[in-house]
Amino acid sequence: MLEMAQTLNYYNQNAVQFCKNTVSVEFTATQNRFLSRLYAAARILDFGCGSGRDTKAFLEQGYQVDAIDGSEELCKLASEYTGIQIRHMFFQELSEISEYDGIWACSSILHLTREELVEVMRKMIVALKANGIIYTSFKYGTFEGERDGRYFTDMTEETFADFIRDMKELQVEEEWVSADARPGRSEEKWLNLILRKN
C-alpha cells in the first residue's frame, strides 16, 4: 500500500493542475468504442474518474453512472464538475455483485502493482453483469515501478495476455495502441483494451 499512498499523495497535491490538463482532452472516439457495446441508459462505473471528464460525457448521453476515485481532492473537483457525488473509494474496496453493464477504468488501475491488479480485476469481473464490458488502458511497455511521483504497471499486448490468462471469465474483444491524447505528449503510447465478461 506504500505505492498507493505515494500515488494518492501525488494526485491530492496536484489535483487542480491534473484536472486542468485532462478535463478538456478530446476522448470521444475511445468513449464511443466503449459505449457502442452498451444499450441506452446502461449502468456504468467510472473506476478512478480523475477530473470527471468521462463521467460527465456518459451522463450527458443518458447513461446511469457511478464514479469513484481514491483521491479526496479529485473527488471534490469531479463532483463539482459532473454534478453528481463522486465516491471516495479505493479500487480494492469494490464489492458490488453483477451491478454494472460496463466498467470504465481509463488510465486508472495502471497505478496498482501487478499483485493488486489481479485482486482488483477479479473484483471488477464480479461487479459486472453477465456479458458486461470493461475498458481499461495502460502506458505501453514493460516497466513496473515509481515514475514521476506515482506507481505504474505498464503493459504490452503480450504481458496483458499473460496477466489475464487465468481469468477464464474475461476475453479481449478489442485492443489497440494509441498516442497520448494530451497536447505535447503524442510520443507516449498507450495500450487500450475492451474486455468482455463471458
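**Reasoning from values to terms**

Me: Why does Phe163 count as buried?

Reply: In this predicted model, Phe163 has a relative accessibility of 8%. The cut-off for buried is under 20%, so Phe163 meets the criterion.

Me: How many aromatic pairs does a search of the whole structure find?

Reply: The search returns 11 aromatic pairs. One of them joins Trp104 and Tyr135, whose ring centres are 4.4 Å apart with 25° between the planes.

Me: What makes the pair of Trp104 and Tyr135 stacked?

Reply: Two conditions apply: centres within 6.5 Å make a pair, and planes under 30 degrees apart make it stacked. With 4.4 Å and 25°, Trp104 and Tyr135 satisfy both, and the pair is therefore called stacked.

Me: Why can this pair be said to tie together parts that are apart in sequence?

Reply: Trp104 belongs to strand E4 (residues 100-105) and Tyr135 to strand E5 (residues 128-139), so the contact links parts 31 residues apart in sequence.

Me: Is Trp104 buried or exposed, and is Tyr135 buried or exposed?

Reply: Trp104 has 0% relative accessibility and is buried. Tyr135 is buried as well, with a relative accessible area of 0%.

Me: Why is the aromatic pair of Phe160 and Phe163 called tilted?

Reply: The ring centres of Phe160 and Phe163 lie 5.7 Å apart, with 45° between the planes. Stacked requires under 30 degrees and edge-to-face over 60; 45° fits neither, so the pair is tilted.

Me: How are Phe160 and Phe163 placed in helix H7?

Reply: They are three residues apart in H7 (residues 157-163), which means a separation of about one helical turn. Phe160 is buried, at 0% relative accessible area.

Me: Which residues do ring pairs link into a cluster?

Reply: The cluster consists of Phe27, Phe34, Phe58, Trp104, Tyr135 and Trp176. Phe27 also has Arg53 over its face, at 4.5 Å from the ring centre. Arg147 takes a position over the face of Phe152, at 4.5 Å from the ring centre.

Me: How many disulfides does a search of the whole structure find, and why is the sulfur of Cys19 too far for a bond?

Reply: The search finds zero disulfides. For Cys19, the closest cysteine sulfur is that of Cys49, at 8.7 Å. A disulfide needs sulfur atoms within 2.5 Å, so Cys19 fails the test. The sulfur of Cys106 is 11 Å from its closest cysteine sulfur, also in Cys49, and is therefore too far for a bond. Cys106 is buried, with a relative accessible area of 10%.

Me: Which residues lie nearest the centre of the largest pocket?

Reply: Tyr11, Phe18, Cys106, Ser107 and Ser108 do, out of 45 lining residues. The volume of this pocket is about 720 Å³. Helix H1 provides the largest share of the lining, four residues. By class, the lining has 21 nonpolar, 14 polar and 10 charged residues.

Me: What is phi of Ala41 near, and why does Ala41 count as partly exposed?

Reply: Phi of Ala41 is near 65°, a positive value in a residue other than glycine. Ala41 sits in the loop between helix H3 (28-35) and strand E1 (43-47). Its relative accessibility is 34%; buried would require under 20% and exposed over 50%, so Ala41 is partly exposed. Asn131 also has a positive phi, near 70°, and is located in strand E5.

How values were computed. Residues are numbered from 1 along each chain as its sequence is written. This is a predicted model: local features need pLDDT of at least 70, side-chain atom pairs count only at pLDDT 80 or more; totals for chains, interfaces and linings use all residues. Side-chain values use heavy atoms; hydrogens and water are left out. Rings of Phe, Tyr and Trp (its six-membered ring) pair if their centres lie within 6.5 Å; planes under 30 degrees apart count as stacked, over 60 as edge-to-face and the rest as tilted. Helices (H or I, at least four residues) and strands (E, at least two) are DSSP runs, numbered from the N terminus. Buried means under 20% relative accessible area, exposed over 50%, partly exposed in between (1.4 Å probe, protein chains only). A charge sits over a ring if NZ of Lys or CZ of Arg is within 6 Å of the ring centre and within 35 degrees of the ring normal. On a 1 Å grid over the protein atoms alone, a cavity is a set of points where a 1.4 Å probe fits but cannot get out, and a pocket is an open set with protein on both sides within 12 Å along at least five of seven lines; lining residues have an atom within 4 Å of a point. Grid points are joined across faces, edges and corners, and a volume is the space filled by probe spheres set on the points. Ala, Val, Leu, Ile, Met, Phe, Trp, Tyr, Cys and Pro count as nonpolar, Asp, Glu, Lys and Arg as charged, and the others, Gly among them, as polar.
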